[in-house]
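Visitor: I'm new to this one, so could you walk me through it? Let's put it up and have a look.

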Amino acid sequence: MSLDSLKADLVFAEDLAEAARDCARSRFRAGLQADNKDAGGFDPVTEADRAIEARLRALIENRYPLDAVLGEEGGHTQGTSGRTWVLDPIDGTRAFIAGVPTWTVLISLTTQDHGPVLSVIDQPHIGERFCAIAHDGHLQAELVHEARRRALTTRSTKHLKDALAATTDPYLFKGAEADAFEAVRGRVRLMRFGLDAYAYAMIAAGGLDLVVESELQPWDIAALVPVVRGAGGVVTDWRGRDTFETGQVVAAATAALHREALDVLRPAAW
């Protein structure tokens with residue numbers, strides 16, 4: 001893929017994010033009821049999740065009919081181009097239904113040979129949009145806010161003892177994973193909870209240094225990778241691999257911090 005084609009695709013991804021904003025803003029803090037997708041627990045989905053994904057799928061099909069689409073609500077639509085648009089219409093539905101503006105819309109383009117190559121993490125209520133390309137040595141990440149753009153760069157933190165860290169929910173870790181997370185939590189300067197994908201955007205923006213999570217799905221992960229890498233950070237699974245089939249993810253502002261975190265997490269890595 002050429003850089004020019006990637007930039008054109010990123011413009012389209014931003015157009016998708018703009019369309020999602022219209023759907024999301026009108027429904028946020030509007031008293032939406034959530035359905036539960038998990039009979040054994042609580043996995044909420046709202047009419048906003050479904051409406052946003054349906055809108056984005058229609059736009060993609062119209063623009064790139066040969067591309068595949070993978071979305072949290074609509075599953076996998078096959079394509080023939082070797083490209084897949086990965087959608088999480090509202091990442092952080094729990095925050096959405098609670099009226100807390102840390103949920104985001106996740107949009108990414110992945111290729112058969114290279115995985116996620118560009119993405120957008122968009123927070124419609126705040127109006128922040130994190131856009132990135134990370135492919136074939138070209139790394140860029142930008143924050144778009146109030147029609148202004150600025151390049152994003154991660155912090156230079158190298159050690160856990162100095163790191164500002166986050167995870168979505170510490171109770172999602174079980175067994176050896178919980179022990180490994182507690183070991184990380186005991187070493188960092190600060191640990192924050194409940195940010196979902198917004199935490200990865202904050203690594204790119206130079207706010208946080210480290211995010212550790214498990215049990216993530218492909219639509220949770222794909223958009224995070226270009227944004228973190230585009231700003232100079234590192235994101236892998238807990239074994240340091242570029243594949244994320246296990247759902248275990250660690251993102252860090254620097255390679256040195258990432259290595260230190262992996263040393264603690266690797267005993268619980270799948």
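**Strands, rings and cysteines**

Guide: Let's start with a hairpin: S3 is joined to S4 through 3 residues. Helices (H or I, at least four residues) and strands (E, at least two) are DSSP runs, numbered from the N terminus. This is a predicted model, where local features need pLDDT of at least 70 and side-chain atom pairs count only at pLDDT 80 or more, while totals for chains, interfaces and linings use all residues. Residues are numbered from 1 along each chain as its sequence is written, and side-chain values use heavy atoms, with hydrogens and water left out.

Visitor: Which residue in S4 is the bridge partner of Leu70?

Guide: Two strands pair if DSSP finds at least two bridges between them. S3 and S4 (residues 75–77) do so in the antiparallel sense, over 3 bridges. Within that pairing, the S4 partner of Leu70 is His76.

Visitor: And what is the bridge partner of Ala68 in S5?

Guide: S3 also pairs with strand S5 (residues 83–91), and these two run parallel, joined by 4 bridges. Look across from Ala68 into S5 and the bridge partner is Thr84.

Visitor: Are the faces of strand S3 covered or open, and which residues show it?

Guide: In a regular strand the side chains alternate between the two faces of the sheet. Buried means under 20% relative accessible area, exposed over 50%, and partly exposed in between (1.4 Å probe, protein chains only). In S3 (residues 68–71), both faces are covered, with buried residues on each: Ala68 and Leu70 on one side, Val69 and Gly71 on the other.

Visitor: Which residues does Thr111 contact, leaving aside its neighbours within four places in sequence?

Guide: Thr111 sits in strand S6 (residues 104–111), and at 12% relative accessibility it counts as buried. Contact means heavy atoms within 4.5 Å. With those neighbours set aside, the contacts of Thr111 are Met1, Gly82, Arg83 and Val117.

Visitor: How many residues apart in sequence are the parts that the pair of Phe12 and Tyr64 ties together?

Guide: Rings of Phe, Tyr and Trp (its six-membered ring) pair if their centres lie within 6.5 Å; planes under 30 degrees apart count as stacked, over 60 as edge-to-face and the rest as tilted. A search of the whole structure finds 9 such pairs, and Phe12 with Tyr64 is an edge-to-face one, 5.3 Å centre to centre with 85 degrees between the planes. Phe12 is in helix H1 (residues 3–25) and Tyr64 is in the loop between helix H2 (47–63) and S3, so the parts tied together are apart in sequence by 52 residues.

Visitor: Which residue has its charged end over the ring of Tyr64?

Guide: Tyr64 is buried, at 18% relative accessible area, and belongs to one aromatic cluster with Phe12 and Trp85. A charge sits over a ring if NZ of Lys or CZ of Arg is within 6 Å of the ring centre and within 35 degrees of the ring normal. Here the charged end lies 4.8 Å from the ring's centre, and it belongs to Arg83.

Visitor: How many disulfides are there?

Guide: A disulfide is a pair of cysteine sulfur atoms within 2.5 Å. For Cys23, the nearest cysteine sulfur is that of Cys131, 18 Å away, and Cys23 is in no disulfide. Cys131 is in none either. By this rule, the count of disulfides is 0.
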